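Here are my notes on this model, point by point. Please read them with the structure open.

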Amino acid sequence: MSTYLSAENLGHQFHDNWLFKNVTIGINRGRKVALVGVNGAGKSTLLKILGGTIKPTEGKVVQARDLNMGYLEQDPNFKNAVTISDYIFHADDVQQQLIRRYEELMENEPDNAKAIEKVMEEMSEVDAWEYEYKIKTILGRLDIHHLNQKITTLSGGQKKRLALAKLLIEDPEVYILDEPTNHLDIDTIEWLEKLLTEGNKTILMVTHDRYFLDNVCNEILEIDRGKIQPYNGSYGYYLEKKAEREAADEAAFQKNSNLLRKELEWMRRQPQARGTKSKARIDAYYELEEKTKNGGPRDKVELSVKTARQGNKIMEMDNLYKSFNGNTYINNFSYTFKRGDRIGLAGRNGSGKSTLLNIITGSLQPDAGTVVKGETTVIGYFHQAGITFKEDERVIDIVKNVAEFITMADGKTISASALLTLFLFPPAKQYGFISKLSGGEKKRLQLMSILMKNPNFLILDEPTNDLDIDTLNVLEEFLTNYGGVLMMVSHDRYLLDKLTDQLFIMEEKGHVRIFNGNYSSYRLELEEAKQQAKKPAPVAQQATPTAKKSKLSYKEAKELEGIEGEISAIEANIKDKNDQLNASGIDPKKLDELLKQIEVLNSQLDDKTARWMELTELNEG
């Protein structure tokens, strides 16, 4: 098995601290590896080193000769590209430049028949149509439509999707992906999942999405306290083995600590002037000290705050209606919230999920209908936009602006500083500037400032972005035991399945469907309906019962005889349409029409072929 990428004895320093040392990794062809670890462990830094965007403090990275490697960063760099077209299409790729010209003409000059005809002829000459279809499909699935749009006008999510689109179009030998599911809706994540598992792709990625991780990767590398620990198996296998290893580490730590205490007493007892200490004993002391220094149990975030008392009336929504620019997002929707409601919002990006949440919180008014909040209802809204802060604001100021003292779930009162420590913000970070925090740390601080208000109606809009899996596990544990109403928008299917038992599904034209069940139940229902729709109509039963037949009835024999001719006719029709497609001088509208017709014919051909195989097997039985 050929090695595409290898790293030898890597070490990297950041702000005078070593993120990791002596890391050695080899990425062979066909491996699908997930890199996991807590926020700040160095996952993204390691990907940047392997992707070639930064140089390590120590060690080296070796690539196979002429390796085609694609790297999706968390914050993509578009270099000198001005428009989406500039970024997507390579200047030295003939096919891509023809496709770019064709797409730009179709968008900006659809009536310029002469120019369109010329570029279509050139595309046929270099067999670019299949490639054009692939590019158009990828861009469409990632909601990228206007190729002449300037990159500077795109949001952060649009920029990430654009960088992902370019990577998928290029289909490199090695995919290095840093949080590829951020800013994607669930349908698109499932499409990406399928794309990455097709063929023998080589993948190294960081993701907090556990279903995505489990479905795409079969190997896990954990960065833990500056070292790499490999696990050959699924995410479930990793959790099991990690628990076993941590139990063993804890036992070893306790043993080493006891030994260290004894050795320390011995070192202190020796008179400073006497040089009679055993060198072996002194060396053993320093070795034990090193083992114990970083080997203790790792601190975990503690989520435990009081929930405000909830009255009988929580919130009522009556006949809500909301539209923007002629598009209806919520149409005549009513719901009365009950105690213990755990609701997930599902639907494509732009379907109105955040709109509904903003109406519930009162930051947006509906065009029609009412929202009546109960007197005791206290809303906590974890917004995906994150915290807005001043550059010179310190971490502890954010907490003190809410309260100096906070009541915990057990009724005890603790200071703002003590709460920050529970959320893994040590004193040095508490008095540091917020601008120096990582994305995950800012999200953790935002979550803490919301929970401090003791909400009994908690709304989470994409809470998983930028949080590491360990923090997510703690958040899940807290939310599982949370007694208030929970509403959540998330592209993390694992989180929706675990924490919700009801869905509001944002459908077309503002219809909101209420589904009783979690996300996997909903997808199963959709899949079953899809399979049912594909089934052929049942063949009429004969009037008199007969023994199980091994040969065809007269009717089925005639059907088999006719179906062969139908298949031939469809195949001839498809060939004719393809010939028309490749002809010069074709009208752009006619082109789109032909593509749709070919798609329908291919579907018919699949159905007829399946039925032919069924009848043939029956005839031979």
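1. F337 is buried, because its relative accessible area is 3% and the cut-off for buried is under 20%. This is a predicted model. Y335 also counts as buried, at 9% relative accessibility.

2. How are the rings of Y335 and F337 placed in their aromatic pair? The pair is edge-to-face. The centres are 5.0 Å apart, and the planes stand at 80°. An angle over 60 degrees counts as edge-to-face.

3. Y335 and F337 belong to a cluster. Ring pairs link them with F333, F457 and F504. The structure holds 11 aromatic pairs.

4. Another of these pairs joins F515 and Y522, again edge-to-face. Here the distance is 5.5 Å centre to centre, with 65° between the planes. Are these two residues buried or exposed? F515 counts as buried, at 7% relative accessibility. Y522 is buried too, with a relative accessible area of 10%.

5. Now the empty space inside. How many cavities of 30 Å³ or more does the structure hold? There are two. The largest has a volume of about 100 Å³. It is lined by 17 residues. Closest to the centre of this cavity are V36, G37, K43, D468 and I469.

6. Which elements supply the lining of the largest cavity? β3 (32-36), α9 (235-269) and α16 (469-480) each give at least two residues. The largest share, three residues, comes from α9. By class, the lining of the largest cavity has eight nonpolar, three polar and six charged residues.

7. The second largest cavity has a volume of about 70 Å³. Its lining counts 13 residues, and D185, I186, G347, K353 and S490 are the closest to its centre. The lining of the second largest cavity divides into six nonpolar, four polar and three charged residues.

8. Last, the protein as a whole. The secondary structure comes to 20 helices and 20 strands. Of the 621 residues, 43% count as buried. The protein exposes about 33100 Å², and carbon and sulfur atoms supply 49% of that area.

9. How much of the contact set links residues 24 or more positions apart? Such residues account for 67% of the contacts with a separation of 6 or more.

Terms used. Residues are numbered from 1 along each chain as its sequence is written. This is a predicted model: local features need pLDDT of at least 70, side-chain atom pairs count only at pLDDT 80 or more; totals for chains, interfaces and linings use all residues. Side-chain values use heavy atoms; hydrogens and water are left out. On a 1 Å grid over the protein atoms alone, a cavity is a set of points where a 1.4 Å probe fits but cannot get out, and a pocket is an open set with protein on both sides within 12 Å along at least five of seven lines; lining residues have an atom within 4 Å of a point. Grid points are joined across faces, edges and corners, and a volume is the space filled by probe spheres set on the points. Helices (H or I, at least four residues) and strands (E, at least two) are DSSP runs, numbered from the N terminus. Ala, Val, Leu, Ile, Met, Phe, Trp, Tyr, Cys and Pro count as nonpolar, Asp, Glu, Lys and Arg as charged, and the others, Gly among them, as polar. Buried means under 20% relative accessible area, exposed over 50%, partly exposed in between (1.4 Å probe, protein chains only). Contact means heavy atoms within 4.5 Å. Accessible areas come from the Shrake-Rupley method with a 1.4 Å probe; for residues, only the protein chains shown count as cover. Rings of Phe, Tyr and Trp (its six-membered ring) pair if their centres lie within 6.5 Å; planes under 30 degrees apart count as stacked, over 60 as edge-to-face and the rest as tilted.
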